[in-house]
Structures are given as C-alpha cells and as structure tokens.
Amino acid sequence: LPMIENNGIRRSNFGAYLLNENIMNFFKMNIGNTFLRIGGILNEGRIFKVLGIFLIGLWAGRKILNENLLENTSFLNKVAFWGICLGLPISAFRAYIEFYAEDLEIWQLLYTISYALGTVPLAMGYAALLAIIYKKIPFLNGFAFVGKMALSNYLFQTALAITIFYGIGFSFAGKLGFTVIIIIALSIYGLQVLFSKWWLKSHAFGPMEWLWRQLTYKTYIKD
C-alpha cells in the first residue's frame with residue numbers, strides 16, 4: 001500500500017486500498033493482514049479481554065433467564081452510570097493518543113492500557129443504558145427484528161457498503177462528508193429494520209441463520 005503521513009506518523013493509505021479496482025488486491029491484502037492482525041491481537045492481550053467479556057455475557061444471560069436481571073433497574077442504573085463515567089474518559093484519552101500523540105513507546109503502552117481499561121466498562125455501560133431505555137420506549141421493539149437476523153443483516157450491509165464505497169463498486173470512499181455517510185448508514189439500517197420485520201412474518205429465522213443451523217446440526221430444519 002502507498003503510505004501517507006498524519007501528524008508526523010506514517011500510516012498505510014487505507015483509502016487507496018479501498019479505491020483500487022483489482023479485486024485480487026483485496027484478497028492479497030486480507031491474507032497479509034491476517035498475520036498482522038493476529039500479531040496485534042496478541043500484543044494487546046485481547047484474547048484474555050474477549051474471554052472476560054464472554055464470561056460476563058454468560059453471567060448476564062443466566063441472570064436474565066433465572067433472576068430477571070432486566071427488571072433490576074437499580075442495578076442497571078449503577079452499571080450504566082459507572083460504566084460510562086469510567087469508560088468514556090479513558091476511551092477519549094485513547095482516541096487522543098491514536099490521533100495526536102507522538103509515536104513513542106510510552107504512548108503505545110498507555111494506548112494499550114487505556115484500551116484494556118476503557119472499552120469493557122464503556123460497553124457494559126452502553127448495554128445497561130440501552131436495557132433501561134428499551135423498557136421505557138416501546139418503539140425500540142422494532143430493533144429486535146434486526147437482532148434476530150444479525151448474521152444476515154451483517155453480510156447484507158457489508159455487501160452493500162462494498163458496492164457503495166469500494167473501487168470495485170461506485171468508489172465513494174473518501175469522497176463523502178460525515179453527514180452524508182451517517183445518512184447512508186441510517187438509511188441502510190432503516191431498510192434492514194423493515195426487511196427483517198417483513199421476513200420474520202413468514203420465516204422463523206433469517207436466511208443465513210437458517211443455513212447456519214443446517215450446517216451446525218447437519219439435518220433439515222423447517223423454516
């Protein structure tokens with residue numbers, strides 16, 4: 001990839017990667033990035049963090065099923081308050097390091113520490129806040145349809161975004177302002193809400209969720 005300089009730091013020009021028109025270059029880049037990505041994950045200790053998040057999710061799921069956790073408003077309020085109060089400033093500090101700090105080892109260390117300490121509390125705070133809002137605002141029930149087809153929707157929006165932004169599609173990467181991009185994102189999500197609701201009226205699963213079950217259980221499951 002060609003390189004660009006940002007605040008004195010040389011980085012790969014990801015925009016050039018997105019806009020190239022040779023589809024084989026994407027495969028080559030992804031194969032190479034696989035090894036870089038694994039190295040980055042090991043360097044950040046992300047394996048332990050993700051395992052911790054899985055265990056928290058397992059605990060929360062059992063509490064929801066067995067002890068009606070979502071009705072414990074006092075607990076959710078505490079998690080939302082402390083999660084956001086702790087996670088947001090630390091994550092903001094990490095964002096400052098990402099874009100403005102010098103490329104020194106001390107900043108790299110602080111970046112790793114802030115990533116480890118800020119991301120999980122903030123995620124838990126957001127999750128608790130959404131659970132509280134969900135109880136108070138009925139129209140949020142519409143988002144449940146998208147969640148039931150999470151894999152299908154993920155692949156659909158990926159294919160659509162590649163078509164819109166990549167060089168093998170309409171090549172809009174780097175050419176649109178943030179406002180337009182947000183409008184596009186909200187429009188795609190709105191379509192997914194409507195499509196998911198329509199699809200689930202006559203099907204028990206999303207198309208990819210149904211296929212996943214066939215491959216998992218190796219038997220035909222009626223949709």
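Colleague: What is the accessible surface of the chain, and what share of it belongs to carbon and sulfur atoms?

Modeller: An accessible area can be divided by the atoms that own it. In this predicted model, the chain exposes about 15900 Å² of accessible surface, and carbon and sulfur atoms account for 70% of that area.

Colleague: Where is there a nonpolar patch on the surface, and which residues make it?

Modeller: Such a patch joins neighbouring nonpolar side chains, within 5 Å of one another. Here Leu104, Ile106, Leu109, Ile113 and Leu117 make a nonpolar surface patch of about 450 Å².

Colleague: Consider leucine 117. Is leucine 117 buried or exposed, and in which helix is its place?

Modeller: The term exposed requires a relative accessible area over 50%. Leucine 117 has 51%, and therefore counts as exposed. Its place is in helix H5, which covers residues 105–136.

Colleague: What pattern do the helices and strands follow along the sequence?

Modeller: One reads the elements in sequence order. The chain has two strands and nine helices, in the pattern β-β-α-α-α-α-α-α-α-α-α.

Colleague: How many of the residues count as buried, and what box do the C-alpha atoms fill?

Modeller: Buried refers to a relative accessible area under 20%. Of the 223 residues in the chain, 22% count as buried. Along the principal axes, the C-alpha atoms fill a box of roughly 50 × 40 × 40 Å.

Colleague: What do the contacts show about separation in sequence?

Modeller: One considers contacts between residues at least 6 apart in sequence; in this chain, 57% of these join residues at least 24 apart.

Colleague: How far apart are the mean positions of the positive and negative charges?

Modeller: The chain has 19 positive and 11 negative charges, and their mean positions lie 12 Å apart.

Key
Residues are numbered from 1 along each chain as its sequence is written. This is a predicted model: local features need pLDDT of at least 70, side-chain atom pairs count only at pLDDT 80 or more; totals for chains, interfaces and linings use all residues. Side-chain values use heavy atoms; hydrogens and water are left out. Patches are made of residues with over 30% relative accessible area and no salt bridge: like charges are joined within 9 Å, nonpolar side chains (Val, Leu, Ile, Met, Phe, Trp, Tyr) within 5 Å. Accessible areas come from the Shrake-Rupley method with a 1.4 Å probe; for residues, only the protein chains shown count as cover. A salt bridge is a side-chain nitrogen of Lys or Arg within 4 Å of a carboxyl oxygen of Asp or Glu. Helices (H or I, at least four residues) and strands (E, at least two) are DSSP runs, numbered from the N terminus. Buried means under 20% relative accessible area, exposed over 50%, partly exposed in between (1.4 Å probe, protein chains only). Contact means heavy atoms within 4.5 Å. Lys and Arg count as positive and Asp and Glu as negative; His and the chain ends are not counted. The place of a charge is taken as NZ of Lys, CZ of Arg, CG of Asp or CD of Glu.
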